[in-house]
Amino acid sequence: MELWNLYQNNYLIVFVFLCLGVLLPVVALFLGKLLRPYKPYDTKYTTYESGIEPFHDSRVQFNVRYYIFALMFVIFDVETVFLYPWAVAYEKLGIFALIEMLIFVFMLIIGLVYAWKKKVLKWI
Amino acid sequence: MVEELLYSEAGLLNFGIFFLLATVLLLVVLGFVTYAILAERKVMGFMQLRQGPNQVGGRWGLLQTVADVLKLLLKEDTIPKLADRPLFILAPVIAFAPAFMVLATIPFTDKLQFADIGVGLLYYIAISGLTTVGIVTGAWASNNKYALLGGMRAAAQMISYEIPLVMSVLGIILLTGSLNLNEIVEAQKNGWFIIWQPIAFIVFLIASTAELNRVPFDLPEAESELVAGFHVEYSGFRWAFFMLAEYVYFFAMASLTTVLFLGGWLPLPFLEFIPGAVWFALKFTAVIFILVWFRVTFPRLRADQLMEFGWKVLLPVALANIFLTALLKEWLNIF
């Protein structure tokens with residue numbers, strides 16, 4: 001029961017930090033609203049584009065390269081999800097788990113090398 | 001007293017007390033940010049043979065940042081007509097909240113710490129990844145070409161360097177067999193991890209600089225090519241919150257480096273009479289200084305160099321380090 005309380009309290013602290021992290025910007029921006037001037041005119045609210053009249057919408061189709069890097073990220077992030085528990089429990093698992101993990105990582109390295117050879121990692 | 005509090009039933013009273021304590025930490029962090037900015041400008045000034053701030057608040061410019069913050073507070077708030085208004089307002093909050101949240105698990109000394117949760121390190125890494133969402137949100141909501149470019153770059157860079165960062169820490173987890181930051185510090189009693197894990201330390205330092213978007217990895221906000229990157233359209237206090245998030249991360253990352261590699265509050269041999277908090281502060285300051293030093297020394301990388309370095313150099317090195325550590329642990333049995 002005591003441990004359960006400790007556990008709950010620790011996560012309560014995390015929640016407190018979340019509340020504070022959200023509250024500070026909200027409060028500061030609200031206070032700022034009372035202090036700052038407000039003198040609107042049209043040109044002030046145009047999008048900045050180095051002084052020229054802005055043209056087109058800026059939400060255009062974007063280079064696919066970013067998407068590919070995001071995919072690579074997902075692959076290796078999932079790998080770390082598997083590596084973390086393995087690393088924590090390594091003492092108990094021993095050499096057999098090490099070899100298993102080597103095989104697992106080796107397969108992902110093949111993927112990395114493939115991407116490398118396909119020039120996916122090249123940023124133009 | 002705090003012990004008792006932690007073992008008592010979680011309720012509203014506990015929430016209130018924790019809230020007050022966390023507010024104190026928040027004020028300390030804000031104070032740190034104020035003077036970290038001044039210190040950075042001063043150190044940069046001296047390294048470039050100039051004075052740095054020396055007008056507001058005496059010869060050392062002690063009130064310079066305070067004046068800057070007040071100015072920001074009094075600035076008019078502009079939201080462009082074409083911007084996505086709700087997202088534009090939300091973005092600084094999304095960027096800032098995780099920056100403060102990560103501080104919850106960092107142990108400053110064996111007594112002075114907030115949440116002692118079992119997965120502390122994983123919590124830090126998971127939460128710190130959320131700031132990218134805030135940055136991309138801000139960039140997208142601005143509806144500005146520079147902002148979108150900067151935001152995309154920021155996202156690509158932060159996800160690319162998160163992988164080596166996460167992988168480099170694995171060596172430490174292997175040696176301690178725990179994700180709890182307290183246990184990681186305790187495990188460094190017979191040698192800090194900077195000695196046992198030098199490769200991991202170098203990878204971590206580089207990757208953390210990239211995660212912090214600091215020079216030489218400051219491409220997302222490269223002033224000279226993207227105007228300011230993802231926060232072009234932000235002004236006044238909304239902008240200040242992006243900056244604040246950055247410096248709070250600076251604080252958090254320097255603390256994490258201290259905890260992971262420099263033995264946290266542990267003293268050097270024969271110097272045990274100096275209290276742990278002082279040790280932590282010293283190591284922490286050293287890390288901050290090194291990061292400022294980087295900023296003055298290195299020129300900015302090119303976008304292609306940046307991405308290729310992350311994936312082709314840091315990632316394989318970090319992976320190799322994991323298995324090297326596992327083998328060493330198997331053979332040497334130090335831990």
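Visitor: What pattern do the elements of chain B make, read from the N terminus on?

Guide: From the N terminus on, the elements of chain B run α-α-α-α-α-α-α-α-α-α-α-α-α-α, and the secondary structure of the chain comes to 14 helices and zero strands. This is a predicted model, in which local features need pLDDT of at least 70 and side-chain atom pairs count only at pLDDT 80 or more, whereas totals for chains, interfaces and linings use all residues. Residues are numbered from 1 along each chain as its sequence is written, while chains are lettered from A and ligands numbered from 1 in the order in which they are written.

Visitor: What makes a stretch count as a helix or a strand?

Guide: Both are DSSP runs, numbered from the N terminus, a helix being a run of H or I with at least four residues and a strand a run of E with at least two.

Visitor: Why is chain B called compact or spread out?

Guide: The radius of gyration is taken over C-alpha atoms, and the globule rule set against it is 2.2 Å times the number of residues to the power 0.38. For the 335 residues of chain B that rule gives 20 Å and the radius of gyration is 21 Å, which is close, so chain B is as compact as a globular protein of that length. Along the principal axes, its C-alpha atoms fill a box of roughly 60 × 50 × 45 Å.

Visitor: What does the globule rule say of chain A?

Guide: Chain A has four helices and zero strands, in the pattern α-α-α-α. Its radius of gyration is 26 Å, well over the 14 Å that the rule gives for 124 residues, so chain A is more spread out than a compact globule. The C-alpha atoms of chain A fill a box of roughly 70 × 55 × 15 Å, taken along the principal axes.

Visitor: Why is Met152(B) called buried or exposed?

Guide: A residue is buried if 20 or more other C-beta atoms, placed from the backbone, lie within 10 Å of its own, exposed if 12 or fewer do, and partly exposed in between. Met152(B), which lies in helix α7 (residues 145-176) of chain B, has 20 other C-beta atoms within 10 Å and is therefore buried. By this criterion, buried residues make up 49% of the 335 residues in chain B, and 16% of the 124 residues of chain A.

Visitor: Which residues does Met152(B) touch, leaving aside those up to four places away in sequence?

Guide: Two residues are in contact if their C-beta atoms, placed from the backbone, lie within 7 Å, and Met152(B) touches Phe62(A) and Tyr66(A), not counting residues up to four places away in sequence.

Visitor: How many residues does each chain give to the contact between chain A and chain B?

Guide: The contact takes 57 residues from chain A and 66 residues from chain B. On the side of chain A that touches chain B, the largest share, 22 residues, comes from α1(A). That side has 38 nonpolar, 10 polar and nine charged residues, where Ala, Val, Leu, Ile, Met, Phe, Trp, Tyr, Cys and Pro count as nonpolar, Asp, Glu, Lys and Arg as charged, and the others, Gly among them, as polar.

Visitor: How do you know whether the span of helix α12 of chain B agrees or disagrees with its number of residues?

Guide: The expected span of a helix is 1.5 Å times one less than its number of residues. For the 26 residues of α12 (residues 236-261) of chain B this should give 38 Å, and the end C-alpha atoms are 37 Å apart, which agrees. Of those 26 residues, 22 are buried, so α12(B) is mostly covered, and just after α12(B), Gly263(B) takes a positive phi of about 75°.

Visitor: What divides chain B into domains, and where are the bounds?

Guide: Domain bounds come from an automatic or database domain assignment, and chain B is divided into domain 1 (1-74) and domain 2 (78-332). Their C-alpha centres lie 19 Å apart, and the contact takes 16 residues from domain 1 of chain B and 15 residues from domain 2 of chain B. On the domain 1 side, the largest share, 12 residues, comes from α2(B).
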